[in-house]
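Subject: Structure handover

Hello,

I am passing on the structure we talked about. My notes on what was found follow below it.

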Amino acid sequence: MRLLFVAADRMEFGGPLARAAKSGATRLGGNEILLVANGAGAKRAAAAVDRAAPGFHPDALVSMGFCGALDERLQIADIVGGTAIVGSDLACARCQSRGAVEGPICSIGHVARTAAEKRLLRASGGIAVEMEAAGVAQRAATLGLPVYVLKVVTDLSGETMANDFNSALTSDGHFDTIRILTGTLRHPAVRIPELIRLRNRCVRAARALGEFIADCRF
């Protein structure tokens, strides 16, 4: 099966790339894969599909990467399998694998930074929140392809981030490191430990997601 994986950042591919290297650079779990990272947000995710799909001819699209928990039962590095995109008629396919918590995904245009916002999003029915799945799912519907949404938790439902990542999000869908660090230095005692903690969580989460995807049957 030919699978086009779409994420916001190459860091989210760390786990799959580590597993793919064991069996060949373009194969994972018996599938031929192409990994594309094009920045945060639905528009950039859709553009990644537009760019990659014509030459690769995928059998399915996979929106993968990091997410925030909305369901309080979700813990760091838990795998989330999307069943639908909240607020749309876009349904998601399900891979055959153990260990994922399945449910609707909230796909929004910014980082859900506060516990209060996460509670509001939870009330809409989603179990996790991220920024790219809606764009990938829309393109899958246009192409007549199944879409899988596989995410991994990097922040908890009750957590509020001290760092303002939204103000550092640039037009190319990436986060301005200098802007983040400048903001961090205004409140270093809180924001620097948070950045270190988030970095460590992302490494752990990417590894967990790679292991899960390698064992999936799409």
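Two rings of Phe, Tyr or Trp are taken as an aromatic pair if their centres lie within 6.5 Å, and planes over 60 degrees apart make the pair edge-to-face. Please keep in mind that this is a predicted model.

Aromatic pairs

By that definition the structure holds three aromatic pairs. One of them joins Phe-5 and Phe-218, edge-to-face, with 6.3 Å from centre to centre and 85 degrees between the planes. Phe-5 belongs to strand 1 (residues 2-7) and Phe-218 to the segment after helix 6, so this pair ties together parts that are 213 residues apart in sequence. Phe-5 is buried, its relative accessible area being 1%.

Another pair is made by Tyr-148 and Phe-218, also edge-to-face, at 4.9 Å centre to centre and 85 degrees between the planes. This one links distant parts of the chain as well: Tyr-148 is in strand 8 and Phe-218 in the segment after helix 6, 70 residues apart. Tyr-148 counts as buried, at 6% relative accessibility. Phe-5, Tyr-148 and Phe-218 together form one aromatic cluster.

A further ring contact involves a charge: Arg-2 lies over the face of Phe-56, at 4.5 Å from the ring centre.

Cysteines

How many disulfides does the structure hold? The count is zero. For Cys-106 the reason is distance: the closest cysteine sulfur, in Cys-67, is 11 Å from its own sulfur, which is too far for a bond; the cut-off for a disulfide is 2.5 Å. Cys-106 is buried, with a relative accessible area of 3%. Cys-216 is buried too, with a relative accessible area of 3%.

Largest pocket

The largest pocket holds about 870 Å³ of space. Its lining consists of 30 residues, and those nearest the centre of the pocket are Phe-66, Phe-165, Phe-175, Leu-198 and Cys-202. Two or more lining residues come from each of strand 4 (60-69), strand 7 (128-130), strand 8 (147-155), helix 5 (177-184) and helix 6 (188-214). Helix 6 gives the largest share, four residues. By residue type, the lining of this pocket divides into 17 nonpolar, seven polar and six charged. Strand 8 therefore appears twice in these notes, as it contributes to the pocket lining and carries Tyr-148 of the aromatic cluster.

Helix 4 and the loop after helix 5

Which residues of helix 4 (residues 133-143) are buried? They are Ala-133, Ala-134, Gly-135, Val-136, Ala-137 and Ala-140. Gly-144 comes just after helix 4 and takes a positive phi of about 70 degrees.

Leu-185 sits in the loop between helix 5 and helix 6. Is Leu-185 buried or exposed? At 63% relative accessibility, Leu-185 counts as exposed. Leu-185 and Gly-144 are 41 residues apart along the chain, and their C-alpha atoms are separated by 48 Å.

Strand 5

Thr-83 is part of strand 5 (residues 79-85). Its relative accessibility is 17%, and Thr-83 counts as buried because the cut-off is under 20%. The C-alpha atoms of Thr-83 and Gly-126 are separated by 9.9 Å, with their positions 43 residues apart along the chain.

Regards

Notes
Residues numbered from 1 in each chain as written. Predicted model: local features only at pLDDT ≥ 70, side-chain atom pairs only at ≥ 80, totals over all residues. Heavy atoms only, no water. Buried < 20%, exposed > 50% of the residue type's maximum accessible area, 1.4 Å probe, protein only. 1 Å grid on protein atoms, 1.4 Å probe; cavity = no way out; pocket = protein on both sides within 12 Å on 5 of 7 lines; lining within 4 Å. Points joined across faces, edges and corners; volume = space filled by probe spheres on them. Nonpolar A, V, L, I, M, F, W, Y, C, P; charged D, E, K, R; others polar. Phe/Tyr/Trp six-rings, centres within 6.5 Å; stacked < 30°, edge-to-face > 60°. Lys NZ or Arg CZ within 6 Å of the ring centre and 35° of its normal.
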